[in-house]
Structures are given as C-alpha cells and as structure tokens.
Amino acid sequence: MGTGTHELACHHCGAVFRRVPLEPGESSRCLRCDSVLESYSRFSAREWLAIVIATGIVFILANAFPEVTLFVQGKGQAASLIDAVRVTWESGYPEVAAMTFAAGFLLPLAHICLLFWILGALAFGRLPVFFKESLHLLDALLPWCMVPVFLMGVLVAVVKMAGLASLVPGIGLFATAVLAVFITMLTGLSSHKLLTMAHDMGLDAPVEKTPRAPTPALFARTWALILAACIMYLPANFLPIMEIASIGGASSHTILGGVIELWGMGSWDIALVVFIASVAVPIFKIVALSTLVFLAQVRSTSQLKQRTQLYKVVEFIGQWSMLDVFVVILLSALGRFGNLLTIKPSGGAAAFGCVVVLTMLAAMGFDPRLAWRRAGHRRHLSSQRANITLN
Ligand SMILES: [Zn+2]
C-alpha cells in the first residue's frame, strides 16, 4: 500500500524524482547518474526486527568467547577483541586501542541497538520516539562499523601465526564470521530505506528533505584532509607497525615487510589481501579523491557518470584499509609469552590508523553532487519518473 506520492532525491547527483511503488525484485535508478534510488524491500519491519535480535545474540557470542588460542611450548594464550584492545592500551598506544574498540565493538553495538529501537517500534505499527534523530545517527554510524574488516584481520593474524606456533580457532571466530554476514545485511537498512518503510506502512513519518546543497567551501576542507592523509602515509609505511621479541632475537616489522614475509611463507593470497588493503587502497583513495575534487573544482563536465561511480568505489573501500591495524592488535594480544615470544604494536600502527580515518573523513565530506552542480546540472527532474529495472 505504498503512498508513492513523495519524492526521491538522488544522493549522488542531486536529481529529484517522483517515487514509484516497486514490485518484488525491482529497483529504481537515477536517470541522470544511474545510482540506485530505491530497491524493493524483501523483509517487513517484523522480519528485520528478528534479524536485528539474532545479530545482537551473535554479537554477544562473538565478544564473550576468544577468537583464537595460541599455544607456545604447551602454554595457551587466548585472545578476543576486548583482550586485544586492553593489551594495546597497556602497551602505550591508547589512540590505536580506542580506534579499534570503537570500530570493532562500540559502534557496531550502537548500530544494533539503534536498529532495535527503530524497528522495535515500526514492527508494531508505531513511529519510534526521536525517529528523525535516530535516522541521522544511523547514517553517521554506518561507515565506521568494521566487523567484516575485523573478521578478515583475525584470519590474516591466524595465517601469520600458523607457521610460528599451533593455533586453535575459538567459538568467537565462528560467531564473528556469522556476525559479519548479519552486519553486512543490516548495512542495507539505510535511513532512506527505513523512512520509506514507515511511509509505506501509512505512518505519519517526516518527509525526507532534499539534502542541503553543498558549498564550494567543501573543497578547502577536503584538500586539507587529503594533504594530512598524505603526510601521515609516510610514517605509516616507514615506521614499524609492530615489534616481535622472541628467543631468536628482536625484530620490527613495517607493513610492506609483513607483506614480503607472508609471500615468503607461501601465503601469497593473504599477502595480496594485506598489500591491497594496506598499501594499494590508501594510495588509490588519495589519488582518486584528489582527481574528483580537482575536476569538480575546475567545473569539468566530462565523465560525470564515471566520476560518480568512482566516488562510490572510494566510499565502499574506505574501511578496508583498517585491516592491518586489526591484525597488529590481535597479534599483540596473542603474543604474550614473556621471554619466549612478545609482540607489541609500534608507532606505524597509530600513523596508519590516522591515514584510514583521514581518508574516510575526506571521502565522506566530499559531496559528489558538487561535481554535477559545478558542471551546470542544476535542474531538478521532479516531473519525471525514475527508471525501473529488474535486479
Ligand atoms: Zn543521480
């Protein structure tokens, strides 16, 4: 019983369309930049609520049990995310500890609670209190919830340690794998989708306002963030990210050194993942964003569609460069065997975390609609229907 009366604004180019009720399997696309405006929701509010509750239970399991246990000479050392955060804090890197605690625990938990709050009301045909505020908060939280990246971090840590000692995966690891799948599903529930869900239920939800037009002041801010990320990229790669002390002696490891080591161990696939996430992705993000900002600034009219696609890629890969930071803190939590083996995070990890946060802020702050606007596309297309395509 879609009302179908209100409008849909494209968040990537700023065009506005009349909303058309969708059939199962359909999605509507922007006529101008081809971004998906809306896709048919397979689940009702009640079904989504059930998924959120299941996610909450898996979240508790993932954090209550250790991810892996490392055995060195018969002695075992278990580690969960919380252990890893505590060890990192105690090693003198509170900023790295805080960053990983937020991205791996606090913000995903807030995301689950917030969806429970919103869907708990919608499932019973009511609007939640503070609906508008909750939706704003949801949009702000989403890019920073990194459970899938953390899962990949655990897997990389397992491969790195496998050659050194015996490892036993824990219940936490399996729970984290399931959690990553659930969280990825829930990422699809954007504020926009929840709002249209409320409208379709016939609730008196606020109408989504066309996002405020971006101002050219954005250019200066984005350039400043890109420049800061470039500067931090140097210590992130030249300083060691961790130090390993064992009976065999002490050694420090840089990101690239770790990749070469993994390759040498024969784990070329994991080496490739770490190389792409830690070395290639940050450079790609910096180069791609600089290009996008520059082209928008000089009012370039060419390849607007492709530039919008490129922005979406930059947005999507943003959090994946956090991978190596998770690996380092996990290894630190596992490698606590006194003189036998001690692993500690090092300055490079803090610098690397800064690069990730700075590039993410730069990407989120830049508004791709500015490129369309500067290229002269001001007209709203509210008289037209959106393009309906079958998935
Ligand atoms: Zn568009």
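**Sheets, a hairpin and a covered helix**

An open sheet of 3 strands, with antiparallel pairing throughout the order 9-8-10, makes a good starting point. The model described here is predicted. The edge positions of this sheet belong to strand 9 (249-253) and strand 10 (341-345), each of which pairs on one side only. On average, and with direction ignored, neighbouring strands of the sheet are turned by 15 degrees against each other. Strand 8, made of residues 242-246, pairs with strand 10 in the antiparallel sense over 5 bridges. Among the residues to look for here is M242, whose bridge partner in strand 10 is P345.

A second open sheet of 3 strands has the order 6-5-7, and its pairing is antiparallel. Strand 6 (75-79) and strand 7 (166-169) each have a single partner strand, so one side of each is left without a neighbour in the sheet. The average turn between neighbouring strands in this sheet is 25 degrees, again with direction ignored. Strand 5, residues 68-72, runs antiparallel to strand 6 and is joined to it by 5 bridges. Within this pair, T69 has A78 of strand 6 as its bridge partner. Helix 12 packs on the sheet and touches both strand 5 and strand 6. The direction of helix 12 makes about 145 degrees with that of strand 6.

Helix 12 itself rewards a closer look. This helix covers residues 323-334, and its 12 residues should span 16 Å at 1.5 Å a residue; the end C-alpha atoms lie 17 Å apart, which agrees with that expectation. Helix 12 is mostly covered, with 12 of its 12 residues buried. The buried set includes the aliphatic-lettered run V327, V328, I329, L330 and L331, and D324 and S332 also appear among the buried residues.

One residue of helix 12, A333, can be followed in more detail. What makes A333 count as buried? The reason is its surroundings, because A333 has 26 C-beta neighbours inside 10 Å. Leaving aside residues up to four places away in sequence, A333 touches A79, D83, A84 and V87. One of these contacts, A79, falls within the bounds 75-79 given for strand 6. T301 offers another reference point for A333: the two are 32 residues apart in sequence, and their C-alpha atoms are 51 Å apart in space.

Elsewhere in the chain, a hairpin is formed by strand 3 and strand 4, with 6 residues between the strands. Strand 3 (residues 26-29) and strand 4 (residues 36-39) pair in the antiparallel sense over 3 bridges. In this pairing, R29 stands opposite V36 of strand 4. D34, in the hairpin, takes a positive phi near 70 degrees.

At the level of the whole chain, the domain assignment gives domain 1 (1-40) and domain 2 (41-204 + 216-375). The C-alpha centres of the two domains lie 29 Å apart. How many residues of each domain take part in the contact between them? From domain 1, 12 residues are in contact with 12 residues of domain 2. The side of domain 1 that touches domain 2 divides into 4 nonpolar, 6 polar and 2 charged residues.

Definitions and conventions. Residues are numbered from 1 along each chain as its sequence is written. This is a predicted model: local features need pLDDT of at least 70, side-chain atom pairs count only at pLDDT 80 or more; totals for chains, interfaces and linings use all residues. Domain bounds come from an automatic or database domain assignment. Two residues are in contact if their C-beta atoms, placed from the backbone, lie within 7 Å. Ala, Val, Leu, Ile, Met, Phe, Trp, Tyr, Cys and Pro count as nonpolar, Asp, Glu, Lys and Arg as charged, and the others, Gly among them, as polar. Two strands pair if DSSP finds at least two bridges between them. Helices (H or I, at least four residues) and strands (E, at least two) are DSSP runs, numbered from the N terminus. Axes are lines fitted to C-alpha atoms, for helices over the stretch in contact, and angles run from 0 to 180 degrees between N-to-C directions. The expected span of a helix is 1.5 Å times one less than its number of residues. A residue is buried if 20 or more other C-beta atoms lie within 10 Å of its own, exposed if 12 or fewer, and partly exposed in between; C-beta atoms are placed from the backbone.
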